[in-house]
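Please examine the sequence and the structure below. The paragraphs that follow treat a pocket, the cysteines and a helix in turn.

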Amino acid sequence: MRLVSLTCSNTEIVWALGCLDRLVGVDNNSDFPAQVRGLPRVGPDLQIDLNQVEALKPDLVLASLSVPGMERVVEGLEKRAIPHLVLDPQTLQDVYADIEQVARWLGVEQQGQHVVRAMQQQIAQARGTLPHWVRPPRLMVEWWPKPMIAAGRDSWVTQMLAALGAQNAFAHLPVRSRPLTPAEVEEAQPDAIVVSWCGAKKLRPEVVLGRELDIPALRHRQVFALEEAYLGRPGPRLAEGVKRLAELLRNVPVWQHGKRP
């Protein structure tokens, strides 16, 4: 089966399933694993060159609505009658289901189940390294700095944090993500901010630390950088993202003692 992947997350799902040899093309942003870097590129995820996709004669194109705006690309695939599978995960459970769905399409169903179990085990192990807090710490996962855009309720980030006994500070917002006003951030009172800017070549926590906001995260300088590859790509590496979040949480001693100002 000849596969073309239009997002990093889908490329990484194919890798985890042991099917890299079936990939004949990927989007410009797919950078993991290293073996995909020599594959033909079909454009940035929102500017996919459908002529190039078609020229690769794929048996299946893997798209994902986790990238806002990819609906237009999917419409183009439909108009050209190019076989495709569209993933649309919101929760961590959706990510598991997507991995198993792709595995069924590729005829490696058992491997899909294995990948999901391994993710779940890694996440459970990460939780075991953390203390029991007096109350769950509230985190803001920031996708972009200007305007401030953060993950909301309908993001797998919410379940990733919950798996560690923490909370998404914006889980009350019924969205995947959206721009926030300074007043909204102050109302949410996040204990920490995780800088995970989408598509940024360099993460700069100092930009966040320079904001004039009355929140615990800034008062106590609890601002951390974590590559978007581990939080923003709904695929197998989210488990590693949970592990890295746990490492950040473990290094904030004030939370371990439940002493909050």
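The largest pocket of this predicted model has a volume of about 1,000 Å³. A pocket here is an open set of points on a 1 Å grid over the protein atoms alone, where a 1.4 Å probe fits, with protein on both sides within 12 Å along at least five of seven lines; the volume is the space filled by probe spheres set on the points, joined across faces, edges and corners. The largest pocket is lined by 39 residues (those with an atom within 4 Å of a point), and C198, G199, E228, G232 and R233 lie nearest its centre.

Local features need pLDDT of at least 70 and side-chain atom pairs 80 or more, while totals for chains, interfaces and linings use all residues. Residues are numbered from 1 along each chain, and side-chain values use heavy atoms, without hydrogens or water.

C198 also enters the question of disulfides, each a pair of cysteine sulfur atoms within 2.5 Å. The count is zero. C8 is in no disulfide, as the nearest cysteine sulfur, that of C198, is 10 Å away. C8 is buried (under 20% relative accessible area, with a 1.4 Å probe and protein chains only) at 12%. C198, at 36%, is partly exposed, a class between buried and exposed, the latter being over 50%.

Helix 10, a DSSP run (H or I, at least four residues, numbered from the N terminus), comprises residues 238–250. Its buried residues are L238, A239, G241, V242, L245, A246, L248 and L249. They cover an arc of only 165° around the axis, judged by the directions from the axis to the C-beta atoms, and therefore lie on the same side of helix 10.

Notes: Helices (H or I, at least four residues) and strands (E, at least two) are DSSP runs, numbered from the N terminus. The expected span of a helix is 1.5 Å times one less than its number of residues.
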